[in-house]
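This briefing is meant for a reader who is meeting the structure for the first time. Please look over the sequence and the model before reading the notes that follow.

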Amino acid sequence: WRVELAGQGRAADRDFVLEWAPAAGEAPRAAVFTEEHEGDTYALLMLLPPPPEADGWAPLAREVIFVLDTSGSMHGAAIEQARAALGAALARLEPWDEFNVIEFDDRARPLFADSVPADPAAVERARAWVAGLEADGGTDMRGALALALAAEPGYRRRGPERVRQIVFLTDGAVGDEEELFATISRGLGEARLFTVGIGSAPNGYFMRRAAEVGRGGYTWIGDLAEVGGAIDELARKLEGPVLTDLEVTWDDPTAESWPERLPDLYAGEPLVVAARLIDPGDEVRVAGRRAGVWWEETVRLGAADATPRPAAAVEVGPGVRQLWARCEIDHWLGRLVEGLPEEEVRREVVATALDHHLVSRYTSLVAVDVTPARPAGAALAAGAVPLATPDGQLPVGGTSAAWNLLVGLLLMLGALPLLARRRRVAAATVAPAVAHGEGG
């Protein structure tokens, strides 16, 4: 399929989301897409889950920690979407679940001192509390993440019989991304982190990378009308993964494959693994645990033939190697927080980015427009250039606008006596001079 935007001149003020659904099957299915480049084979393994009703599905015993960003950058439509999304997620909890809600701006505040059973009274209290939250103040995401991950003392860890799932709702307006990734990596344990992007233009890089490090997934909600469907889909996914303890084995023992730590496979969301192969061999094997039973699939590499089969490999055009290279770059940038010297990271990132023509922290692509926009000899015109802002949002900083207004009014009131005194002094000084001039 070839997909293009309808119409011309569309403003790039929101994320573009392409929604598609695989053909339903009774078991997980795998496919491999490959591309050759300078003697190497780049492969994209896509694992498609069956619908949860395909076999005997049973819910998991879960502890769900909801984390809501209420900093100033969430002001306006974003906080409305976040409140609606969190309210819908709370309504989906089952009585056998345990949960808590943490809201944060420049500090983290949990609703309960510890996770509590999701009985009707606790859920209703949480929904009322969330409905009253406002976006205000600065942003300290690290403290909220550390508390949710139980990386700090004072919050009880659950036993292995419960799956800890952290649902993080934010626009991702942060500047210390690498430190946050390190916090997630250090405190994750056996938990899973799921990020929910709020607003028309969330920080997609941070949200996707945080979910990847957290072995979870990323969901984007760009409009209030999308909240119900997006949260229902996310809730169904969280209630039971299709495959856990995933393993991918390539014939090439030197294969460079990403992500390093595979997440679980959830209903409605394909799992994609990118790899570079020097000696690709003939097959790739995918295995995992499905409803307590070990499952395995073998996918043959090479061009697909005309015979239908559940696992097939397809030769495709350019693009697969860039996807692998982006994962490679993210890997090296992640090594910065592990203490690897930046010069070594920079060398690896630059080499990969230049080889695959990608923008990175250390490389840029410059487009030069050689078509003149002004006739030769015409005078230059000066004017203000409007700043592009995300759709539906105002350029609000991380500090409370109400607080700024209050401080400004207090300063103005404090300055009034000084201004009045200066006016009286000026009048007393000028009057004799005027009188002297008239007399002269």
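Which residue in strand 12 does Pro241 stand opposite? Pro241 stands opposite Tyr266 in that strand. The model discussed here is a predicted one, and the notes below take up its open sheet and then its aromatic rings.

**The open sheet**

- An open sheet is formed by 4 strands in the order 12-10-14-15, and the pairing within this sheet is antiparallel.
- The edges of the sheet are strand 12, covering residues 265–266, and strand 15, covering residues 293–300, each of which pairs on one side only.
- Strand 10, which covers residues 241–250, pairs with strand 12 in the antiparallel sense over 2 bridges, and it is in strand 12 that Tyr266 has Pro241 opposite.

**Aromatic pairs**

- The count of aromatic pairs in the model comes to 5.
- The ring centres of Phe99 and Phe112 are 5.8 Å apart and their planes stand at 85 degrees, so this pair is edge-to-face, an angle over 60 degrees being what that term requires.
- Phe99 belongs to strand 4 (residues 98–104), whereas Phe112 lies in the loop between strand 5 (108–110) and strand 6 (116–117), so the pair ties together parts that are 13 residues apart in sequence.
- Phe99 and Phe112 are both buried.

**An aromatic cluster and a charge**

- One aromatic cluster is formed by Phe181, Tyr205 and Phe206.
- Over the ring of Phe181, a member of that cluster, sits the charged end of Arg209, at 6.0 Å from the ring centre.

How values were computed: Residues numbered from 1 in each chain as written. Predicted model: local features only at pLDDT ≥ 70, side-chain atom pairs only at ≥ 80, totals over all residues. Heavy atoms only, no water. Phe/Tyr/Trp six-rings, centres within 6.5 Å; stacked < 30°, edge-to-face > 60°. Buried < 20%, exposed > 50% of the residue type's maximum accessible area, 1.4 Å probe, protein only. Lys NZ or Arg CZ within 6 Å of the ring centre and 35° of its normal. Pairing = 2+ DSSP bridges.
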